[in-house]
Every structure is written in structure tokens, then in C-alpha cells.
Amino acid sequence: MPKQLLFNERPNGLPDSNTFSIAEVDKGTPKENELLVKTLYLSVDPYMRGRMSDAKSYIAPFEINKPIAGGGIAQVVESKNDSIKEGTIVTGFLPFQEYTVVPADQVRVLEMHGAPISAALGALGMPGLTAYFGLNDIGQPKKGETVVISGAAGAVGSIAGQLARLKGCRVVGIVGSQEKEELLVNEFGFDAAVNYKDDQYADLLKQACPDGIDVYFENVGGEVSDQVWPLLNPLARIPVCGAIASYNLKKGESDNGPRIQTYLIKTRARMQGFLYGDYADQYETAYREMSEYVKNKDIVFKETILEGFDQIPEAFNGLFSGQNIGKQLVKVADPS
């Protein structure tokens with residue numbers, strides 16, 4: 001029987017073997033305007049850690065003993081909708097199970113413009129468009145400015161840095177290994193990369209940003225970002241996309257660092273959090289532009305893919321140990 005991934009209990013710190021369980025479920029039978037789909041790829045993303053908590057947030061928490069859900073790519077096995085035929089590849093927000101029945105209006109038929117279908121969950125999906133909106137709307141980079149990206153080898157950061165490069169900016173990425181430093185410079189076209197695990201991290205970041213920092217695309221927070229604030233230029237812009245450094249703190253632990261208010265006042269910098277969903281009315285325009293960048297190889301992307309439904313927990317935890325480069329995916333099945 002097909003498998004599904006259930007959410008067992010809310011973790012205290014990093015999710016462990018008690019957080020998830022795998023169960024069996026019937027395929028299901030579609031009714032009018034529904035589709036039975038076979039899952040091909042599933043996306044694991046840092047924001048999903050927040051859904052494992054019952055704290056108030058912008059999205060409802062996962063329910064105990066229910067399947068978790070997220071971005072997915074699937075193939076239609078049986079259709080009760082005249083517009084979507086069997087065999088069609090679709091994407092949408094899907095429960096994490098091998099087969100599922102979904103309303104036809106809750107998925108989108110994929111048009112990849114020559115890119116692999118997996119890109120619909122990465123460069124041409126939520127991460128890529130998150131980078132696009134955060135950088136362009138809040139960051140507003142200008143030619144010649146210095147743009148710094150934390151989590152720069154990840155699904156969002158790697159795209160944000162390349163978009164800044166296309167604007168004619170000096171782009172500096174913050175990562176956690178020499179391998180990722182080399183990747184940023186040699187494949188993604190960053191001007192410089194800095195390893196936050198280096199004992200000389202603060203000095204290295206300063207050397208990489210001799211003219212200060214005009215835009216800081218924030219994915220990480222914590223001690224990684226503490227060294228950024230003193231380098232902000234007047235009227236700097238700071239799109240806040242994530243704070244992964246604090247996502248797995250245990251109850252009672254705090255993430256207190258230098259207070260940022262003085263830096264913001266002195267530089268008159270603008271720091272703004274944002275969500276991908278804030279820009280729903282601009283998805284189509286952004287998707288067309290990003291598709292052209294990918295098609296023309298102005299933007300390249302990387303994927304870390306684990307194969308097998310059972311690998312979902314490992315893929316998720318890999319996000320917090322720096323194992324992934326680019327978009328982290330789980331391949332569940334091949335198209336028929």
C-alpha cells in the first residue's frame with residue numbers, strides 16, 4: 001500500500017526519530033473535478049520547522065497524527081476533470097504521501113520552458129520567487145552596490161545572489177564550508193564568499209566588503225548576522241527572509257545577540273520581513289522573467305536530491321546541518 005508521512009509530536013530542538021512516522025494509506029478514488037495523483041518529488045523547506053511548533057505564526061501548525069504537507073510535483077493517474085488529462089505533470093501544495101486525491105483547482109499544470117520538472121520546487125518555484133521578490137522589492141539593489149547574502153548556497157540565497165549580480169552589484173555570500181565558498185564564486189558568479197565558521201570570520205567579511213554593505217539578504221540570523229550590522233552603509237536595505245539559526249532552539253534557550261536598533265538608527269537602514277505569499281498578484285510576471293533567466297543560463301541552480309519516500313526526515317534535518325547545496329528535494333518516483 002502507498003505510504004504517508006505522519007507528524008507524531010512537536011520536537012524540542014532538532015526533529016528526531018519520534019517526530020515522524022510512516023504509515024500506509026489507500027490510494028483513494030477521485031470524484032467529480034478531482035484528480036488521483038502519484039507523487040514524483042517533494043520539497044522540504046526551513047519554514048516547515050515553524051509549522052512543527054504550536055506558537056502563533058503566519059501559517060497554521062502541522063496537526064499531530066496527520067500527514068505533513070508542502071510543495072510537491074505529481075503525475076495525474078486518474079482524472080475526473082475535463083481540463084487535466086491522465087499523465088499530466090502538476091504541482092501544488094500536497095500531503096506527503098505517495099498517492100493522493102486532490103481537487104483539480106488546487107494544482108497547476110507544469111510548463112517548464114526546457115527546465116527539469118524538479119525546478120518547479122526550486123529556482124522556478126517558491127524559493128526562486130522568494131529571492132526575486134525579496135531582493136527586488138525590499139533590497140532594491142543598484143549597480144555598483146555591495147549585496148551580502150547569508151545562507152548563500154541554499155535554494156533562496158543562491159538565486160538572490162545571482163539576481164544581484166545581474167543588477168551589476170558586488171555580491172558576497174556567507175556560507176559554512178570551503179566547498180560552498182568555491183561553489184559561489186566558480187559556479188554562481190559571486191564576487192567573494194566568506195565562511196562563518198572561520199575564526200577570522202568578522203575580519204574576512206570586512207575585507208570582502210571594503211565599501212560596506214548596501215543590501216543584506218537575511219536568511220540565517222544569530223551570530224552569522226551579528227558581524228553584518230557594523231558594516232551597514234547609510235540607507236542600507238535588509239530583506240528578512242529567514243532566521244534558520246534559531247529554528248531549533250530548545251525550550252528555555254534564547255538567541256540574544258547585539259542589539260540592532262542603534263545600527264538601524266545610525267544608518268537609517270530599512271529592515272523588513274516578508275513572505276512569498278505577499279506577492280501572489282505578481283507570480284506570473286516573476287515566473288516569466290525567472291524562466292527566461294534559467295533558459296538563457298543567466299541563472300544556474302543546484303539541487304540536492306535524496307531518493308525514496310523514507311528519506312524525507314533525513315532530507316529535512318539536512319537543512320539544519322548544512323548538508324544541502326541549493327534546493328533540497330526528495331524524489332519519490334519517476335513519471336510513468
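This report covers strand β16, a three-stranded sheet and a pocket in a predicted model.

## Strand β16 and its neighbours

Strand β16 spans residues 327-331, and 5 of its 5 residues are buried. Side chains in a regular strand alternate between the two faces of the sheet. In β16, Lys-327, Leu-329 and Lys-331 lie on one side. Gln-328 and Val-330 lie on the other. Both faces are covered.

Strand β3 (residues 34-43) runs antiparallel to β16 and is joined to it by 3 bridges. Ser-43 has Leu-329 of β16 as its bridge partner. Strand β15 (residues 303-307) runs parallel to β16, with 5 bridges between them. Here Leu-306 is matched with Val-330 as its bridge partner. Helix α9 (residues 312-318) completes a right-handed β-α-β unit with β15 and β16.

## The three-stranded sheet

An open sheet holds 3 strands in the order β2-β1-β4, paired antiparallel. Its edge strands are β2 (20-24) and β4 (66-67), each pairing on one side only.

Strand β1 (residues 3-7) is joined to β2 by 5 bridges. Leu-6 stands opposite Ser-21 of β2.

## The second largest pocket

The second largest pocket encloses about 360 Å³ of space. Its lining has 20 residues. Gly-222, Asp-226, Trp-229, Asp-255 and Pro-258 lie nearest the pocket centre.

Which helix gives the most to this lining? Helix α6 (residues 222-226) does, with 4 residues. By class, the lining has 7 nonpolar, 8 polar and 5 charged residues.

Note on methods
Residues are numbered from 1 along each chain as its sequence is written. This is a predicted model: local features need pLDDT of at least 70, side-chain atom pairs count only at pLDDT 80 or more; totals for chains, interfaces and linings use all residues. Side-chain values use heavy atoms; hydrogens and water are left out. On a 1 Å grid over the protein atoms alone, a cavity is a set of points where a 1.4 Å probe fits but cannot get out, and a pocket is an open set with protein on both sides within 12 Å along at least five of seven lines; lining residues have an atom within 4 Å of a point. Grid points are joined across faces, edges and corners, and a volume is the space filled by probe spheres set on the points. Helices (H or I, at least four residues) and strands (E, at least two) are DSSP runs, numbered from the N terminus. Ala, Val, Leu, Ile, Met, Phe, Trp, Tyr, Cys and Pro count as nonpolar, Asp, Glu, Lys and Arg as charged, and the others, Gly among them, as polar. Two strands pair if DSSP finds at least two bridges between them. Buried means under 20% relative accessible area, exposed over 50%, partly exposed in between (1.4 Å probe, protein chains only). A crossover is right-handed if, with the strands pointing away from the viewer, the path from the first strand over the helix to the second runs clockwise.
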